[in-house]
Amino acid sequence: MSRYFTEKLSSLTPYTPGEQPKDMQYIKLNTNESPFAPSKSVSDAVLSESQKLQLYSDPECVNVRRELARVYGVDINKVIVTNGSDEVLNFAFMAFADQKNPLVFPNITYGFYPVFAQLNGIPYTEIPLKDDFTIDINDYIGINKTVVIANPNAPTGIALTLGDIEKIVASNPNNVVIIDEAYVDFGAQSAVSLVEKYENLLVVQTFSKSRSMAGARLGFAIGCESLIADLNTIRYSTNPYNVNRMTDAAGTAALKDNNYYMENCKTIVKNREWTVNELQKLGFEVLPSKANFVFAKCDKIDGEELYLQLKNRGILIRHFNKDSICQYNRITIGAIEQMQKLIDEITLILEEN
Ligand SMILES: *Cc1c(COP(=O)(O)O)cnc(C)c1O
């Protein structure tokens, strides 16, 4: 830290992204990316837009927002797009939380929530999950704070039902409830259908996982017009060109090919069920996942040891150095060949152990 770094941020601990080592070609099962390439119309759209890079992007991103409005059946004024959904989460914290409306989220969840809270000087409470890693919705009923819940949750993969989400939203009418649906396309119920009914609900999604666009950085939120207007106040006060031209075009093309992506999600769900079954045969305990990853542990091997041995063998999975979950690993569900290779290598590791 330089002696110039502002004191108010001197204790900020930044988010740690999943590792991207360059020393060899790994099978990457550590950052929940899609194993499938984007559709051809997406690469064509990017190439074509790249010829116009001398021009600023559309600050309103009308093209991709119009497609989002069509696909999700909402008015275009209920949609905002951002540079990844991380950006809209940050905007939402800035817009809807403060000393008087502190944040609450589970103690085991997406690691960016405490970082954005600290960055913006917002107090927050982490509410413990139950012993089985599920969220007790009673902890959030009428809590009168700004609620953030990833549904499905990460890194557990466990989802709440739409009914439970509605109870949380309905019981906190004086606070915004942010539902982070980064993984919703892999089997959970989306809360987008509740946006018409509740003015305090903000649903956040991303193109990074289910639409093969992690590298393009495109996220979005759906909520009532006034919430979206507030988020736009923040957006126009930070970076009105937050979504670049190629990403706007890529997102638009992806939504026109939505069936391709939803079919890919079905393949991932099938591969997930296969992987869960194989891991269980090897003695793993696997949490019930509705995401494109599973969270699993095995009594026969230490969590970090499994992670390290798989890395030596060219497979990356995600291990978290946090006491309550250090025996677990989060394993992204990829193509079936990748999952077969994972199972083969784990089998060998357990034999040699
Ligand atoms: C991956 C992820 C995001 C955001 O990813 P972006 O690439 O910034 O869209 C948000 N929330 C959760 C829980 C995630 O896992």
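The expected span of a helix is 1.5 Å times one less than its number of residues, and this rule can be tried on the predicted model that you have open.

Begin by selecting helix 7, residues 245–256, whose twelve residues should span 16 Å; the C-alpha atoms at its ends are 17 Å apart, which agrees. At the start of this helix, look for a side-chain oxygen of Asn-244, which reaches to within 2.8 Å of the backbone nitrogen of Met-246. Ten of the twelve residues of helix 7 are buried, so the helix is largely enclosed by the rest of the structure; among the buried ones are Arg-245, Asp-248, Gly-251 and Leu-255. To see what the buried residues pack against, add helix 1 (40–49), helix 2 (62–72) and helix 8 (258–281) to the selection.

Next, select the ligand together with the residues that surround it, including Gly-84, Asp-86, Tyr-110, Thr-206, Lys-209 and Arg-217. An oxygen atom of the ligand lies 2.7 Å from a polar backbone atom of Ser-85, while a nitrogen atom of the ligand is 2.6 Å from a polar side-chain atom of Asp-180. At Tyr-183, an N or O atom of the side chain is 2.5 Å from an oxygen atom of the ligand. The ligand taken alone exposes 390 Å², of which the protein buries 93%.

Finally, turn to the cysteines. Cys-61 counts as buried, because its relative accessibility is 1%, and Cys-298, at 5%, also counts as buried. Why does Cys-298 form no bond with Cys-326? The sulfur in Cys-326 is the closest cysteine sulfur to that of Cys-298, but the two are 14 Å apart, too far for a bond. A search of the whole structure finds zero disulfides.

Key. Residues numbered from 1 in each chain as written. Predicted model: local features only at pLDDT ≥ 70, side-chain atom pairs only at ≥ 80, totals over all residues. Heavy atoms only, no water. Disulfide = S-S within 2.5 Å. Buried < 20%, exposed > 50% of the residue type's maximum accessible area, 1.4 Å probe, protein only. Helix = DSSP H or I, 4+ residues; strand = E, 2+ residues; numbered from the N terminus. Contact = heavy atoms within 4.5 Å. Polar contact = N/O pair within 3.5 Å; in protein donor to acceptor, adjacent residues only side chain to side chain. Near = heavy atom within 4 Å. Areas by Shrake-Rupley, 256 points an atom, 1.4 Å probe, with all protein chains shown as cover.
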